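Me: I'm new to this one and would like a close look at a single part of it: the charged side chains and how they pair up. Could you walk me through that?

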Amino acid sequence: MSELTSLISEIVPADFTAREECQKHLDHIAKPLGSLGQLETILCRIAGAQGTSEIRTKKKCVIVYCSDNGVVAQGVAQSDHSVTSSIARSLAAGTSSVCVMASSCGADTFPVDIGMIDNVPQVIQHKTANGTRDFTEGPAMTRDHAEKAILTGIEMAAKKARDGYEIIATGEAGIGNTSTSSAMASVLLGLEPEAVTGRGSGLSDAGLERKIAAIKKGIRINKPQAGDAVDVLAKLGGFDIAGMCGTFLGGALTHTPVIIDGVISSVAALCAYRICPVVIGYMIPSHKSAEPAAIKIMEELGLTAVLDCGMRLGEGSGAVTLFPVIDMAAAVYNKAAVFEDINVEQYRRLS
């Protein structure tokens, strides 16, 4: 039995009883039943993940996996790997957009080199390889490398849980990763590349055509097995996707809720779900990505994005945007008056 298989066997479903108890308390708060809408759903999912209705939401972080993708050689992005390195340095300096956003709500940012071409010593070092290969010429990575990167994500989540972090958000930085994520989504969802491929950071019509053509070629050459998510990841994916996939698995192992970001994170969540379906109980959706793959993946997972801000920044920024919303919902949950406090009879659910 491989290390990955062994760890996956230890994952148990989220605690349904804790979710029910959380909802009972929400119904007991002096407000109309269900009036916090999806915020109540989020709180219940946190309770189920943590295994208690005494939910903990104070200490939060975002893990940003940085890696490069060989498929950029096909002209599927506006820039090259040097931009990934620049973003990583900004993350390490605490000056990138997601760092500033996280800091503003008391959360921490942890950038990880899981597969960049360049070396940026200021970030956490877990380099699997110096970028993936061009998937139009063969597999993006070996299966061993895919599993190694997933294990890195599991260990990162476990370490943050040991350090007391109660909620983890997922993020990434890597030029070309909307191509890798769209390619994976096409296979995992059984849809044509045109149905799941968007313009990423702003491709022209010609650029979008090149992107779709590269994805079609990669699928044709590599023949990924849709029923084996790790095979799909190894042949078409990126190390950042693998790391986030591992973080979702690691969150489930440590009973820590993990927030889904945009399209790349959504593909990682789908990959984790296909590897171990019970991890769905530990996932928290955040914002509605404009990328078509993300919309279809949320439907596949049965999750609804809470925020619709038109964001496409990456880095985990959409997931981090959910942090203050969670804080406000938790404040109501923990501090708002209950019906007895105001001498009003509790609302009852009508059949």
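Which kind of contact do the side chains of Glu345 and Arg348 meet in?

Reply: They meet in a salt bridge, at 3.1 Å from N to O. Keep in mind that this is a predicted model, so everything here is computed from it. In general, side chains of opposite charge can pair when their charged atoms come close. As for where this pair sits, Glu345 is exposed, and Arg348 is too.

Let's look at some others, since a search of the whole structure turns up 12 salt bridges. One of them links Asp327 to Lys60, with 2.8 Å between the closest N and O atoms. Asp327 belongs to helix H14 (residues 317–335) and Lys60 to strand S1 (residues 60–67), so this pair ties together parts that are 267 residues apart in sequence. The two ends have different surroundings: Lys60 is buried, at 2% relative accessible area, because the cut-off for buried is under 20%. Asp327, at 27% relative accessibility, counts as partly exposed.

Then there's Arg199, which forms a salt bridge with Asp205; their closest N and O atoms are 2.7 Å apart. Arg199 is partly exposed, with 35% relative accessibility. Salt bridges can also share partners, and that joins Arg143, Glu147 and Asp228 into one network.

Two of those names come up again where helices meet. Arg143 and Glu147, along with Ala146 and Ile150, are the H6 residues that meet Val230, Asp231, Leu233 and Ala234 in H10. By class, this contact has 5 nonpolar and 3 charged residues, and no polar ones. The axes of H6 (residues 143–162) and H10 (residues 229–236) come within 9 Å and cross at roughly 105°, which means H6 is roughly perpendicular to H10.

One more charged residue to find is Glu300, in helix H13 (residues 292–301). Its side chain makes a polar contact with the side chain of Arg274, at 3.0 Å. Setting aside neighbours within four places in sequence, Glu300 is in contact with Leu189 and Leu270 as well as Arg274. Glu300 is partly exposed, at 38% relative accessible area. For a sense of scale, the C-alpha atoms of Glu300 and Ile117 are separated by 33 Å, and the two residues are 183 apart along the chain.

Terms used. Residues are numbered from 1 along each chain as its sequence is written. This is a predicted model: local features need pLDDT of at least 70, side-chain atom pairs count only at pLDDT 80 or more; totals for chains, interfaces and linings use all residues. Side-chain values use heavy atoms; hydrogens and water are left out. Axes are lines fitted to C-alpha atoms, for helices over the stretch in contact, and angles run from 0 to 180 degrees between N-to-C directions. Helices (H or I, at least four residues) and strands (E, at least two) are DSSP runs, numbered from the N terminus. Angles under 35 degrees count as roughly parallel, over 145 as roughly antiparallel, 65 to 115 as roughly perpendicular and the rest as oblique. Contact means heavy atoms within 4.5 Å. Ala, Val, Leu, Ile, Met, Phe, Trp, Tyr, Cys and Pro count as nonpolar, Asp, Glu, Lys and Arg as charged, and the others, Gly among them, as polar. Buried means under 20% relative accessible area, exposed over 50%, partly exposed in between (1.4 Å probe, protein chains only). A polar contact is a pair of N or O atoms within 3.5 Å; within protein, one must be able to donate a hydrogen and the other to accept it, and residues adjacent in sequence count only if both atoms are side-chain atoms. A salt bridge is a side-chain nitrogen of Lys or Arg within 4 Å of a carboxyl oxygen of Asp or Glu.
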